[in-house]
Structure formats: C-alpha cells, structure tokens
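Q: Please take a close look at a single part of this structure, and then follow its surroundings outward in one connected account. I would like to see how the pieces there are placed and what they touch.

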Amino acid sequence: MTKIVFMGTPAFSVPILEGLIKNGYEILAVVTQPDRPVGRKKILTPPPVKEAALKHGLEILQPEKISGSTEMARVIELAPDLIVTAAFGQFLPESLLNAPTYGAVNVHASLLPKYRGGAPVHYAIMNGEKETGVTIMRMVKQMDAGDILTQRSIAIESNDNVGSMFDKLSQVGHDLLLETLPELLAGNITPVQQREEEATYSPNISREQEQIDWNKSAQAVDWQVRGMYPWPVAYTMNQENRWKILGGFVGEETTDASIGTIVAIDKKDFSIACGNQSVYHVTHIQPAGKGSLTAQEFINGVGRQTQIGDQLN
C-alpha cells in the first residue's frame with residue numbers, strides 16, 4: 001500500500017483527499033493551515049481539510065510555516081512514499097520535497113504553465129478564458145514550475161464563477177490524480193518540462209483589484225464579478241456606501257450616459273453604464289452591513305433611495 005502525506009487546506013482539496021482514502025492509499029498524516037477566525041464574530045474555524053481528516057481519524061499537522069518546523073520533521077519521520085499537495089497554501093522546502101521515495105506531486109487548478117500562483121481560477125475567469133483545467137505536476141522549489149505529469153481541460157461556461165469552477169475542478173483533480181498515481185508509481189509517465197516562455201502568473205487578489213472599474217466594457221465587468229464570487233467579491237461605491245456586486249449580466253442595449261451612471265431600474269435589476277457604451281445589469285447585491293439581496297429586494301428595501309442618474313465609482 002502506497003503511504004502518502006497529504007497537504008491541502010480549502011474545500012477544493014477535500015474530494016482529492018477523500019478519493020485517495022477511498023481508493024486504498026494509506027494516509028499517514030494530513031498537513032493543513034492553522035484554524036483561522038472567520039466572520040464578523042471572528043469564530044476560530046478549522047479548514048475544510050482538517051474537518052475531513054478528523055472524520056477519518058487521521059493525524060493532523062497545522063504549522064504556521066512548514067519550513068523548518070517540528071511538523072516538517074514529523075513528516076520526514078513518517079517516511080512517506082509520496083507527498084500529495086492540493087491548494088495547501090505554503091511553499092515546501094527542497095529538503096521536504098526530496099524526502100519521499102517518489103517525491104511530491106501537486107494538483108494545480110490551471111493549465112500550466114498558464115496561471116502559476118495562488119489565484120489561477122480567479123484570473124482565468126477575469127481574463128475571459130474559455131477553458132481552464134487541472135495539472136498534476138512534480139513539485140520543485142520554484143513556484144508551480146515543476147514538470148507536468150498529466151493535464152486535463154474543462155470549459156468555463158458563461159454563468160460560471162469562482163465557486164462553481166472550484167467545484168468542477170476539484171472533481172477533475174480527484175479523477176485525474178487517481179488515474180495518474182498508478183502510472184507514476186509504475187514508472188509509466190514521462191514528465192514534460194514546462195515552456196517557461198509561455199508562463200503567466202496569478203498572484204493573490206489585491207484590495208485595489210476588487211473595486212469595479214466601470215470604464216471597462218460590461219463584458220469585462222461581468223468577468224470581474226464572476227471572477228471574484230464568492231470571494232473576495234467585487235464592489236462599487238455609491239457616494240460613501242460600499243455595494244458588493246454578487247451577480248448580473250451583460251445587457252444587449254447601448255447607452256450614451258456617463259460611465260458609472262445608473263441608467264435604468266426595473267423590477268428585477270438595475271443597469272449601469274460601462275465603457276464602449278455598454279450596459280451591465282446588477283441582479284444580486286450586498287450593501288454594507290446587510291446580507292445578500294436580489295436587486296428587487298434591494299430597490300424595495302434598503303436601496304429604495306437609489307435613482308436613475310446616481311453615479312457609481
């Protein structure tokens with residue numbers, strides 16, 4: 001039985017861990033990020049992978065930083081055949097990567113070498129890509145630069161957002177890893193070196209990137225809204241009021257109104273002038289201090305003072 005140390009943190013990683021367990025791989029330990037405060041009440045919350053590991057009675061290690069930690073020493077002491085990572089969220093030192101018999105492999109949510117880094121799904125949607133995918137790769141010291149073992153693409157549909165794509169990619173990663181590992185362990189895979197000249201990067205989303213730029217076309221605004229939902233969520237300002245924009249669609253009409261102007265309000269949405277005379281319709285919104293609302297709930301309630309001609313920025 002192949003002995004694995006699994007490293008992962010968010011919900012994306014859980015089906016991948018569950019797949020390894022269900023298919024007979026021995027999980028020696030699970031390494032994940034420490035519990036973090038979540039929500040307005042700052043409740044200390046375990047990461048999804050920890051909850052899954054607890055369910056299976058697995059040893060759990062939660063280093064603030066894996067490099068040089070006692071948890072890293074414990075992983076080496078366990079003498080795994082293989083380390084498998086999936087959205088772990090930390091770099092692994094070379095001494096750890098080289099410790100297992102078969103090294104370390106990563107389940108990465110992009111078609112490498114495109115979108116190396118921590119937010120590949122966000123950028124794929126924000127850039128209007130038609131497809132993305134999963135890469136099973138050998139881990140090296142340089143970020144997401146290791147040789148490709150296997151790769152599979154899937155389409156990004158026009159209504160996909162980060163949440164829906166993570167769900168789809170998690171299942172693809174689960175399937176592809178389970179197909180790859182037996183071939184890897186049998187020595188039947190020839191790794192393919194990444195073409196450095198084709199590499200692009202997807203750093204973590206900054207606060208500045210979250211604010212909608214209405215000078216962009218309505219299509220680009222739609223990509224931004226979907227590429228930031230359900231986290232970190234794109235927003236706009238109406239005077240001093242911050243509105244998180246949760247969903248909408250690109251209108252077919254055009255307008256000569258100034259960029260950022262509310263040009264129409266009806267029963268199901270309100271519309272905003274964008275670049276290239278295009279129009280974006282907001283259907284779901286979260287005003288400051290409130291929960292998620294449909295545009296209709298917003299207009300009839302907390303947003304009833306909103307008027308055609310209001311200027312957003």
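A: With a relative accessibility of 7%, Asp222 counts as buried; the model in which this value was computed is a predicted one. Asp222 belongs to helix 8, which covers residues 218–226. Once neighbours within four places in sequence are set aside, the contacts of Asp222 are Gly248, Phe249, Val250 and Tyr280.

From this residue the account can pass to the sheet and its surroundings. Seven strands form an open sheet in the order 5-2-1-6-7-8-9, and their pairing is mixed. The edge positions are held by strand 5 (60–61) and strand 9 (148–155), and because each of them has a single partner strand, one side of each is left without a neighbour in the sheet. Strand 7 and strand 8 (residues 131–138) run antiparallel and are joined by 4 bridges, and one pair that can be located by name is Val105 with its bridge partner Arg138 in strand 8.

Strand 2 offers a view of the sheet through one residue, Val30, which lies in that strand and counts as buried because its relative accessibility is 0%. Beyond its neighbours within four places in sequence, Val30 is in contact with Phe6, Leu17, Val49, Ala53, Leu58, Glu59, Ile60 and Leu61. A long span of the model can also be gauged from Val30: its C-alpha atom is separated by 50 Å from that of Gln311, and the two residues are 281 residues apart along the chain.

Leu17, one of the contacts of Val30, is also among the buried residues of helix 1 (residues 14–22), together with Val14, Ile16, Gly19 and Leu20. The packing partners of these buried residues are strand 1 (3–8), strand 2 (26–31), strand 6 (82–86) and strand 7 (104–108), along with helix 2 (48–55) and helix 6 (162–185). After helix 1 comes Gly24, with a positive phi near 90 degrees.

Helix 3 (residues 70–78) has Met72, Val75 and Leu78 as buried residues. Seen down the helix axis, the buried residues of helix 3 fall within an arc of 120 degrees, and therefore they line one face of the helix. Thr70 and Glu77 are exposed, and they sit on the face of helix 3 turned away from its buried side. The buried residues of helix 3 pack against strands 1, 2, 5 and 6 and against helix 4 (94–97), while Ala79, just after the helix, takes a positive phi of about 55 degrees.

The loop that leads from strand 7 to helix 5 (120–126) deserves a closer look, since it holds Leu111 and Leu112. An unreviewed UniProt entry lists Ser110, Leu111, Leu112 and Pro113 under "binding site". Leu111 has a relative accessibility of 19% and so counts as buried, given that the cut-off for a buried residue is under 20%; Leu112, at 3%, counts as buried too. Apart from neighbours within four places in sequence, Leu111 is in contact with Glu131, Thr132, Gly133, Val134, Thr135, Gln151, Arg152 and Ser153. Leu112, with residues up to four places away in sequence not counted, touches Thr135, Met137, Asp144, Ile148, Gln151 and Gln194.

The largest pocket encloses about 1400 Å³ of space. It is lined by 44 residues, of which Pro10, Ala87, Phe88, Gly89 and Gly118 are the closest to its centre. Strand 3 (36–38), strand 7, helix 5 and helix 6 are the elements that give two or more residues to this lining, and the largest share, 4 residues, comes from helix 6.

A hairpin completes the account: strand 12 is joined to strand 13 through 4 residues. Strand 12 (residues 262–265) and strand 13 (residues 270–273) pair in the antiparallel sense over 3 bridges, and Ser271 in strand 13 is the bridge partner of Ala264.

Key. Residues are numbered from 1 along each chain as its sequence is written. This is a predicted model: local features need pLDDT of at least 70, side-chain atom pairs count only at pLDDT 80 or more; totals for chains, interfaces and linings use all residues. Side-chain values use heavy atoms; hydrogens and water are left out. Buried means under 20% relative accessible area, exposed over 50%, partly exposed in between (1.4 Å probe, protein chains only). Contact means heavy atoms within 4.5 Å. Two strands pair if DSSP finds at least two bridges between them. UniProt positions are given in the numbering used here, feature names are shortened, and annotations may be inferred rather than shown by experiment. The arc is that of the directions from the helix axis to the C-beta atoms. On a 1 Å grid over the protein atoms alone, a cavity is a set of points where a 1.4 Å probe fits but cannot get out, and a pocket is an open set with protein on both sides within 12 Å along at least five of seven lines; lining residues have an atom within 4 Å of a point. Grid points are joined across faces, edges and corners, and a volume is the space filled by probe spheres set on the points.
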